[in-house]
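Subject: Handover of a structure

Dear colleague,

Please find below the structure that I am handing over to you. My notes on it follow directly after.

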Amino acid sequence: MLVAPYPELDDLLEMMGEAGRHLAEIEASEGAAGNISVCIRWQIEPRTRFPVIDEIELPQPVPELAGATFLVSGSGRRLREIIDEPTASIACIVVDEGGKTGKLCTSYNRRFERVTSEFNSHLAVHYDQICSSGTNFHAVIHAQPVHLTYLSHIPRYQDEQYLNTHLLRWQPETIINLPEGIGFIPFRIPGSAKLMAANVESLRKHRIVIWAKHGVMARSDVSVKRAADRVEYAETAAKYEHLNLSDGEIGEGLSADEIRQICTTFNVQQAIF
Ligand SMILES: [Zn+2]
């Protein structure tokens, strides 16, 4: 939830650009992999930046979000290039009355045909989170960080308890930033209804979820950069874990007792350790 003064459209586009560039820097967005969206519920005037208007059907009806604005990365666009020319890579969607359709507002310099093919998951997660928390702002990122995705191919890391007790043991900050731990979804076809439903479910309990053998989805109701931070915290944990596996598992990691002491000191509620 944000309080006034709210960020302007250009500020939001810039933050999406910075998040996109950073995701590329941490090797979480090769080629055109990954996508970003934000939902804004205060009044935004998109027409100066996005003058071309088409009518579209939304992937699912979102009646409670009538009037809300989405900024969404375009299919096939590179997250690292958003910052250079945001309107070439991002579309703006304003939800119509009734929530079944929206105005797709784009720029004359847009370099994509459709918004990201994962928009169904983005929209469903925004909708679920906004309806339950009432937030006026929500950001969702899908990225493909190498180490987290690699670990999701190893059977024992496909168990949420095993995954979290092993990843959240390398730095004190990890449990503080991800107190609900990292969610895990078994492999689902990209863009599918099954992946969408699993995302909604897992992101109710977690701030970031691994899509097995594919990547992650992270959310934030504060900023798109905060959502990107969550990708980075989880990926850093996975890097440590990978390092430890490569070194014959000689690192001991923080003990469960040490992690519980950190949580007591910093007043972190968690149920993993
Ligand atoms: Zn992907």
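Proline 5 is found in the segment before α1, a helix that spans residues 9–25. The peptide bond that leads from alanine 4 into proline 5 is cis, with omega near 0°. Please bear in mind throughout that this is a predicted model.

Two residues other than glycine deserve a note for their backbone angles. Lysine 213 has a positive phi, near 60°, and belongs to the loop between β8 and β9. Its relative accessibility is 44%, so lysine 213 counts as partly exposed. Asparagine 267 likewise has a positive phi, in this case near 55°. Asparagine 267 comes in the segment after α9 (256–265), and because its relative accessibility is 62%, it counts as exposed.

The metal site

The zinc ion has three protein donors: His142 through NE2, Gln144 through OE1 and His214 through NE2. These donors lie 2.0 to 2.1 Å from the ion. Along the sequence, the donor residues follow the spacing H-x1-Q-x69-H. Distant parts of the chain are linked by the two histidines, which are 72 residues apart. Histidine 142 sits in strand β6 (residues 137–143), whereas histidine 214 sits in the loop between β8 (208–211) and β9 (215–220). That loop is also where lysine 213 lies. Are the two histidines, 142 and 214, buried or exposed? Both are buried.

The nonpolar cores

The largest nonpolar core consists of 55 residues. Those with the most contacts inside this core are Leu23, Ile36, Leu71, Ile141, Leu167, Ile182 and Val231. Helix α8 (residues 224–246) is the element that gives the most to the core, contributing seven residues. Valine 231 can serve as a point of entry: beyond its neighbours within four places in sequence, its contacts include Leu23, Ile26, Ile141, Leu148, Ile208 and Val216. Ala28, Ala143, Pro145 and Ala218 are also among the contacts of valine 231. There is a second, separate core of 17 residues, which includes Cys39, Val95, Leu104 and Val115.

Phenylalanine 50 is found in the loop between β1 (35–40) and β2 (52–57). Its relative accessibility is 0%, and phenylalanine 50 therefore counts as buried. Apart from neighbours within four places in sequence, phenylalanine 50 is in contact with several residues, among them Leu9, Leu13, Leu71, Ile90, Cys92 and Cys105. Alanine 88 is 38 residues from phenylalanine 50 along the chain, and the C-alpha atoms of the two are separated by 9.9 Å.

The helices

Helix α3 (residues 119–133) packs with helix α7 (residues 193–205) at an angle of about 30°, and the two axes are 9 Å apart. The crossing of α3 past α7 is right-handed. From α3, the contact is made by Asn120, Ser121, Ala124, Val125, Asp128 and Gln129. From α7, it is made by Ala193, Leu195, Met196, Asn199, Val200, Leu203 and Arg204. Sorted by class, seven residues of this contact are nonpolar, four are polar and two are charged.

In helix α5 (residues 160–167), the residues Leu163, Asn164, His166 and Leu167 are buried. Which elements cover the buried residues of α5? The cover includes α4 (146–151), α6, β7 (183–185), β8 and α8.

Asparagine 177 lies in α6, a helix of residues 172–177. With a relative accessibility of 21%, just one of the values that fall between the limits of 20% and 50%, asparagine 177 counts as partly exposed. Not counting residues up to four places away in sequence, asparagine 177 touches Arg207, Arg230 and Tyr233. Asparagine 177 and arginine 156 are 21 residues apart along the chain, and their C-alpha atoms are separated by 24 Å.

Threonine 236 lies in helix α8. Its relative accessibility of 24% is why threonine 236 counts as partly exposed. Between threonine 236 and valine 224 there is a separation of twelve residues in sequence and, from C-alpha to C-alpha, of 19 Å in space.

With kind regards

Conventions:
Residues are numbered from 1 along each chain as its sequence is written. This is a predicted model: local features need pLDDT of at least 70, side-chain atom pairs count only at pLDDT 80 or more; totals for chains, interfaces and linings use all residues. Side-chain values use heavy atoms; hydrogens and water are left out. Donors are N, O and S atoms within 2.8 Å of the metal (3.2 Å for Na, K and Ca); water is not among the atoms, so sites may look incomplete. Helices (H or I, at least four residues) and strands (E, at least two) are DSSP runs, numbered from the N terminus. Buried means under 20% relative accessible area, exposed over 50%, partly exposed in between (1.4 Å probe, protein chains only). A nonpolar core is a set of buried Ala, Val, Leu, Ile, Met, Phe, Trp, Tyr and Cys residues joined through side-chain atoms within 4.5 Å. Contact means heavy atoms within 4.5 Å. Axes are lines fitted to C-alpha atoms, for helices over the stretch in contact, and angles run from 0 to 180 degrees between N-to-C directions. A crossing is left-handed if the near helix is turned anticlockwise from the far one by less than a right angle, and right-handed if clockwise. Ala, Val, Leu, Ile, Met, Phe, Trp, Tyr, Cys and Pro count as nonpolar, Asp, Glu, Lys and Arg as charged, and the others, Gly among them, as polar.
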